[in-house]
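Student: Hi! I've got a structure open here and would like to talk it through with you. Shall we look at some backbone details and then the fold?

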Amino acid sequence: MKALITGASSGIGRDMSRYLASKGYDLIVVARRRDRLEELKKELNVDVKIIELDLSIMDNVYKLYDLTKDDNIDLLVNNAGFGLFGDVLETSLDRELEMIDLNVKTLHILTKLFVSDFVKRDSGRVLNVGSSAGFLVGPNLNTYYATKNYVVKYTMGIYEELRQRKSNVHVSVLCPGPIKTEFESVAGGKFNALTASSKKIAKYAIDKCLKNKLIIIPGFGMKLLLFFTRFLPYKLELKMVYNIQKRKTR
């Protein structure tokens with residue numbers, strides 16, 4: 001068994017790599033920081049191939065596919081991504097466009113290319129890392145929420161297409177709440193409340209993915225919150241999320 005994990009140098013990606021290794025998966029780990037990947041490789045007792053690439057650059061996304069398409073990958077984990085706190089009038093447009101490239105275009109390309117290959121052989125799984133933000137609107141973290149809405153809906157649509165084909169290829173999307181990772185320092189904000197650890201979320205996500213669960217939401221509290229937001233008027237939801245997010249910025 002072999003898994004390809006993007007954004008594997010920290011947070012959920014790193015912890016998913018560790019958990020998959022404990023289950024006997026050989027790994028292809030991808031990130032910009034080679035030193036972090038080398039440290040991860042030293043921890044693990046499986047075959048680990050390191051690929052150092054910045055996946056916000058589209059040429060590198062196609063390069064990654066070309067480097068790995070013949071590796072008989074069983075599981076693709078699209079984890080690379082980041083957020084950016086701030087008002088739309090204050091945040092960097094260049095940084096937002098980089099986020100859209102990484103969170104949306106990179107995930108879209110890799111999902112499409114690998115799902116196409118998986119369907120030809122009628123096996124394989126994709127786990128896209130979304131967010132609970134993928135079901136909400138997010139003033140002051142606006143572009144991030146929009147990208148995660150794309151990830152959730154894109155994955156759901158592919159799931160149904162594969163189901164209609166009666167394919168043995170499966171896709172899942174992970175939608176956690178806030179987690180203590182490097183997300184805060186990169187995004188320029190701070191969460192007021194945190195859910196379970198990255199390690200626990202990673203294990204939960206992989207276990208559910210391997211059971212072909214479509215939408216993976218860790219924690220009963222987050223499931224309940226997302227359920228009730230379905231019944232909120234959009235303007236009330238906007239006001240509530242705005243007030244929550246405003247307290248996170250610094």
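Student: Where is asparagine 140 found?
Tutor: Asparagine 140 is in the loop between strand E5 (124–129) and helix H5 (142–165). Keep in mind that this is a predicted model.

Student: What is phi there, for asparagine 140?
Tutor: Phi of asparagine 140 is near 75°, a positive value in a residue other than glycine. For context, most residues other than glycine have a negative phi.

Student: Is asparagine 140 buried or exposed?
Tutor: Asparagine 140 is buried, because its relative accessible area is 5% and the cut-off for buried is under 20%.

Student: Okay, and asparagine 72, what is its phi?
Tutor: Asparagine 72 has a positive phi of about 55°, and it is not a glycine.

Student: Which elements flank asparagine 72?
Tutor: Asparagine 72 sits in the loop between helix H3 (58–68) and strand E4 (75–78).

Student: And is asparagine 72 buried or exposed?
Tutor: Asparagine 72 has a relative accessible area of 57%, and exposed means over 50%, so asparagine 72 counts as exposed.

Student: You mentioned H3. Which residues of H3 are buried?
Tutor: The buried residues of H3 are Met58, Asn60, Val61, Leu64, Tyr65 and Thr68. They lie on the same side of H3, because they cover an arc of only 160° around the axis.

Student: What do the buried residues of H3 pack against?
Tutor: They pack against three strands and a helix: strand E1 (2–6), E2, E3 and helix H4 (93–121).

Student: Switching to strands, how many bridges join E2 to E3?
Tutor: Five bridges join strand E2 (residues 26–31) to strand E3 (residues 48–52), and the two run parallel.

Student: How does the chain get from E2 to E3?
Tutor: The chain crosses from E2 through helix H2 (residues 34–43) to E3, in a right-handed β-α-β crossover.

Student: Which residue of E3 is the bridge partner of alanine 31?
Tutor: That would be glutamate 52.

Student: Let's zoom out. How many helices and strands does the chain have?
Tutor: The chain has nine helices and seven strands.

Student: What share of the residues counts as buried?
Tutor: Of the 250 residues of the chain, 49% count as buried.

Student: And what about contacts between residues far apart in sequence?
Tutor: Among the contacts in the chain with a separation of 6 or more, 64% are between residues 24 or more positions apart.

Student: Last one: how much area does the chain expose?
Tutor: The chain exposes about 12,600 Å², and carbon and sulfur atoms supply 54% of it.

Definitions and conventions
Residues are numbered from 1 along each chain as its sequence is written. This is a predicted model: local features need pLDDT of at least 70, side-chain atom pairs count only at pLDDT 80 or more; totals for chains, interfaces and linings use all residues. Side-chain values use heavy atoms; hydrogens and water are left out. Helices (H or I, at least four residues) and strands (E, at least two) are DSSP runs, numbered from the N terminus. Buried means under 20% relative accessible area, exposed over 50%, partly exposed in between (1.4 Å probe, protein chains only). Two strands pair if DSSP finds at least two bridges between them. A crossover is right-handed if, with the strands pointing away from the viewer, the path from the first strand over the helix to the second runs clockwise. The arc is that of the directions from the helix axis to the C-beta atoms. Contact means heavy atoms within 4.5 Å. Accessible areas come from the Shrake-Rupley method with a 1.4 Å probe; for residues, only the protein chains shown count as cover.
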